[in-house]
Amino acid sequence: MGIYLNPNADAFLMDKNTEIYVDKSLVIEELNKLVSSRSNFVCMSRPRRFGKSMAGNMISAYYSKGCDTREIFANMKIGQIADYDKNLNKFNVIKLDLNGLYQNAIIEEKVDVLMKEINNILLKEFRREFPEIEFEDGSSIAKNILNVYAQTGEKFVIIIDEYDVLVREQVSESLFQSYLSFLNGLFKDTTLRPAIALAYITGIIPIVRDKIQSKLNEFWEYTMLTPRQFAGHIGFTEEEVKELCDKHNVDYDECLRWYDGYKMNDTVSICNPLSIVQAVMYNEFDSHWSATGSFEALKDYIMMDFAGIKQDVISMIAGESVPVNVTKFQNTLQSITNKDNAFTYLIHLGYLCYNAKDQTCHIPNEEVRREWVNSIDDEENYSSIMSLINASKKLLDATVNGNEDAVAKALDAAHTEVTSPLTYNDEHCFQSAICLAYFYANTRYTLVKELPTGKGYADLVLIPYLPNIPALVIELKHNKSAESALQQIKDKNYCQALTQYQGDVLFVGINYDEKTKEHTCKIEKV
């Protein structure tokens, strides 16, 4: 048993012994299907704090010969699968946390010789683990693996957590080249391939196409864009969140509003595990995930001077989805040369969610939406939008209090701020303007656009999740009248969509006159 070679299960047990733990062991069932096959090189990219490291600890504890975890896994979900133990504790495991090793090298001022240090540490562990085998001084990890395989027939599982840290960080060219040589030795040597039962590497961004893809082109990638069979195995599914909320008496719907929204495919939507755990543990809904890192990464990209980025940022903050082409991004910061690449990168970071069906992206949830607002605060290019967001609380109060003139004036300002002269009269921009104007309502309401009612679609319905405030049914009109908008709500019985709601309802009719560029508003309490 070593630290990096055939580690014990202590890291996994620490994870499992936490107060709130979700059994994600079925990921092993999927990995077992890939062991010793042509698909056994796996690259799993997810945003930070999505459970990549915990999954790595569990996978190591399952495969490592350095521990006996039969009893543990027999009582987990994987233990209910036939022949779950066919690979249990059967392989030599090499597990590296590249970020931890890199940070320690910075402290010890050994960054430039990081790969050599890793090689020397593992050489010592190889000699301790296999005293009957002779290992040459300075021999590489790849050569040592091949040596063991040739003499014993034993295979290896290689786990590298945060493989991309040296790609994301501004490391020296010499360190980067030595890292490329390290990857090349492990994953490009066809002689070594039969000795590797499974390679499992994780990162925030997918494999970088113009730098290291040639070293890792044997890997199958499972990303935020293409999670495939691993869609529900990294991150908490809605079903898992429901179980936690029921167990700890936490509002499930509110939990989803704050932290859900990462739609991986037609059947799986996941939440950020860190945020869910914090919310459930303290029964407190807040920006837990964003508190673990800076929003500067987000700010850097939405402040770039790319065509259309400001208007799309405004639309997404207002709750809209915007088109995005994710196919051209090279997975490097240097390749972020347009809006599409910037948004694709933010999808991988978790600041946006991708809808593959219509090829659009949007802000996934309330937690992340607040991060977007924080990122544009005090920025000159977005100062007018921040003024509008800050004014939206007064707009909501004016609506709830029935102050029709105040609502109309606020909407005049909102429509002007979020649209250009060319799109001022566009109906879609009109709706976006209204949604952004009511941005503050996200703190009290669930906003539903074009809600089916049986006799048509209500333009905007605000359903409260706080007590003692009214629901709002809003109908929008062009070049007609606020009275006709109000009458349409009644004639088409739009409040039918709120049959399960018990409480006051406000009908809000809003008209926009293209000639005067002014809004009028009529409000009626039901």
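The following dialogue asks why certain residues of this predicted model are described as they are.

Tutor: This is a predicted model, in which local features need pLDDT of at least 70 and side-chain atom pairs count only at pLDDT 80 or more, while totals for chains, interfaces and linings use all residues. Residues are numbered from 1 along each chain as its sequence is written, and side-chain values use heavy atoms, with hydrogens and water left out.

Student: Why is the pair K24 and E240 called a salt bridge?

Tutor: The term requires a side-chain nitrogen of Lys or Arg within 4 Å of a carboxyl oxygen of Asp or Glu. The closest N and O atoms of K24 and E240 are 2.9 Å apart, so the pair meets that cut-off. By this rule, the count comes to 25 salt bridges.

Student: What makes K24 and E240 a tie between parts apart in sequence?

Tutor: K24 lies in the loop between helix 1 (10-16) and helix 2 (27-32), whereas E240 belongs to helix 11 (residues 238-248), so the pair ties together parts that are 216 residues apart in sequence. Helices here are DSSP runs of H or I with at least four residues, numbered from the N terminus.

Student: R168 forms a salt bridge with D164 and another with E162; why is D164 called buried or exposed?

Tutor: Buried means under 20% relative accessible area, exposed over 50%, and partly exposed in between, with a 1.4 Å probe and protein chains only. D164, at 0%, therefore counts as buried.

Student: How do you know which class E162 and R168 belong to?

Tutor: E162 has 19% relative accessibility and so counts as buried, whereas R168, at 21%, counts as partly exposed.

Note on methods
Helix = DSSP H or I, 4+ residues; strand = E, 2+ residues; numbered from the N terminus.
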